[in-house]
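The following account leads through a single protein chain, moving from its charged pairs to its helices and to a few individual side chains. Please keep the sequence and the model in view while reading.

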Amino acid sequence: MKKLIALLLVLVMAIGMVACGGEGEKAPGGDAKEGLKVAISVAEYNEWNKLYEGVIKEKCEEWGWTYEIFDSKQDANTQIDQVRSIISQGFDAMTIQAVDMAALGPVVGEAADAGIIVVDHYGFTNEQVSGDKIYQVLFGQKEAGILQAEEYIKAAGETGKVAIIAGLTGADNAMQRTAGFMEVLDKYDGIEVVDTQYCDWDTQKAQTAAENILTAHPDLAAFLVQDDGMSKGVWEAIVAAGKQDTCKIASQGFYEWSKDYIKEGKFMFTITYPAGFFSRDAMDVIKKVNDGQTVEHVMYLGMELVTTANVDTAAHD
């Protein structure tokens, strides 16, 4: 009898533990907040970020969220103040393209500590922001520069003068792409890099820089350019100098209009990193975290070389 009573007590306790455990478990998304407010902090609101915003808008409309763009206009101090404002206004999530990662690191950490879901696109190091505080949807900036330079060498050969038209002055992503270029080009004694100009992703600045470079180096073989928008300006400079047959453009970006530039031979090739892919994946990360799902803290987007062979099938925008 005693054994029977003891067994019954064990069963009752076990049932009670299971019941309590069942009540304590929460289904994924059980505590998900409705109507999230998302901040989009950009280094500069340019053509690429207009496309980036397009997917943000679609996702917010689909999920009943709201968003706001914060354009730092390439100023780190402005961006720091904007992130502080994002914290004080009680935003639930934030994507960020930092003007200066070293400068922005502390305040981005503050945003994460305040409970904001932070998605970084430029690659904060653990020293700048602890990796377990934020999520990262990244593009291999240096790797893209390496690919671009390698493909240029394959197509044009191992000799000649080249110039680099880079992105935002002092920005980590632009400097990483330049570093990728130089890692490859420095291997070839016959390649001379005659100039590197940072043109802030601006078409007109790139055109002016290219005009000056062509005046100083009329025998220039090519420009390695870090975005198709700037390449458009570089092409205008090449046309004005009458160098269409001798000076080439190797580019990155790939927008809808880029197709014609590749088909018509204005660009040798470009490398695609669609803005919509970044915003799509960033928003998916935010939703999964909000829903209580486990999410990897770092993910990388792929890149694709675009030539006349695949210009009509490669992903763009």
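Asp-81 counts as partly exposed, because its relative accessibility is 47%. The model is a predicted one, and this residue is a convenient place to enter it. Asp-81 forms a salt bridge with Arg-84, in which the closest N and O atoms are 3.9 Å apart. Both partners belong to helix 3, where 3 residues, or about one turn of the helix, separate them. An α-helix has 3.6 residues a turn, so residues three or four places apart point the same way. Arg-84 is itself partly exposed, with a relative accessible area of 45%.

The number of salt bridges in the model comes to 14, and two further examples show other combinations of burial. In helix 5, which comprises residues 141-156, Lys-154 and Glu-151 are 3 residues apart and therefore separated by about one helical turn. Their side chains meet in a salt bridge with an N to O distance of 3.2 Å. Lys-154 is exposed because its relative accessible area, 64%, is over 50%. Glu-151, at 17%, is buried because its value falls under 20%. A salt bridge also links Lys-259 to Glu-256, with 3.9 Å between the closest N and O atoms. Here Lys-259 is the buried partner, at 15% relative accessibility, while Glu-256 is partly exposed at 42%.

Helix 3 also holds Gln-79. With a relative accessibility of 0%, Gln-79 counts as buried. Its side chain is joined to that of Ser-41 by a polar contact of 2.9 Å. Beyond its sequence neighbours up to four places away, Gln-79 touches several residues, including Val-42, Ala-43, Ser-72, Ile-96 and Leu-104.

Leu-104 leads on to helix 4. What does the side chain of Asp-100 do at the N-terminal end of helix 4? Asp-100 caps that end, placing a side-chain oxygen 3.1 Å from the backbone nitrogen of Ala-102. Helix 4 itself runs over residues 101-113, a total of 13 residues, and spans 17 Å from its first C-alpha to its last, close to the 18 Å expected. Along its course the helix bends by about 25° at Val-107. Val-107 is among the buried residues of helix 4, which also include Met-101, Leu-104, Gly-105, Val-108 and Ala-112. These buried residues pack against helix 3 (76-88), strand 3 (93-96), strand 4 (117-120) and helix 6 (172-185). After helix 4 comes Gly-115, with a positive phi near 95°.

Strand 4, one of the elements against which helix 4 packs, contains Asp-120. Which side chain of opposite charge is nearest to Asp-120? That side chain is Arg-177, at 12 Å, and Asp-120 is buried yet has no salt bridge. A salt bridge requires a separation within 4 Å, so a partner at 12 Å does not qualify. The side chain of Asp-120 instead reaches backbone nitrogens: that of Gly-123 at 2.9 Å and that of Phe-124 at 2.8 Å. Setting aside residues up to four places away in sequence, Asp-120 touches Ile-96, Ile-134, Tyr-135, Gln-136, Val-137 and Leu-138. Ile-96 is also touched by Gln-79.

Strand 4 appears again in the surroundings of helix 10. What covers the buried residues of helix 10 includes strand 1 (37-42), helix 2 (47-63), strand 3, strand 4, strand 5 (135-139) and strand 11 (298-301). Helix 10 has 16 residues, 275-290, and reaches 23 Å between its first and last C-alpha atoms, close to the expected 22 Å. Among its buried residues are Phe-278, Asp-281, Met-283, Val-285, Ile-286 and Asn-290. Gly-292 follows helix 10, and its phi is positive, near 85°.

A loop residue completes the tour. Pro-218 is situated between helix 7 (203-216) and strand 8 (222-225). Pro-218 is partly exposed, with a relative accessible area of 45%. Its C-alpha atom is separated by 8.5 Å from that of Ala-241, a residue 23 places apart from it along the chain.

Methods. Residues numbered from 1 in each chain as written. Predicted model: local features only at pLDDT ≥ 70, side-chain atom pairs only at ≥ 80, totals over all residues. Heavy atoms only, no water. Helix = DSSP H or I, 4+ residues; strand = E, 2+ residues; numbered from the N terminus. Expected span 1.5 Å × (residues − 1). Bend = angle between axes of the 7 residues up to and from the residue. Buried < 20%, exposed > 50% of the residue type's maximum accessible area, 1.4 Å probe, protein only. Contact = heavy atoms within 4.5 Å. Polar contact = N/O pair within 3.5 Å; in protein donor to acceptor, adjacent residues only side chain to side chain. Lys, Arg positive; Asp, Glu negative; His and termini not counted.
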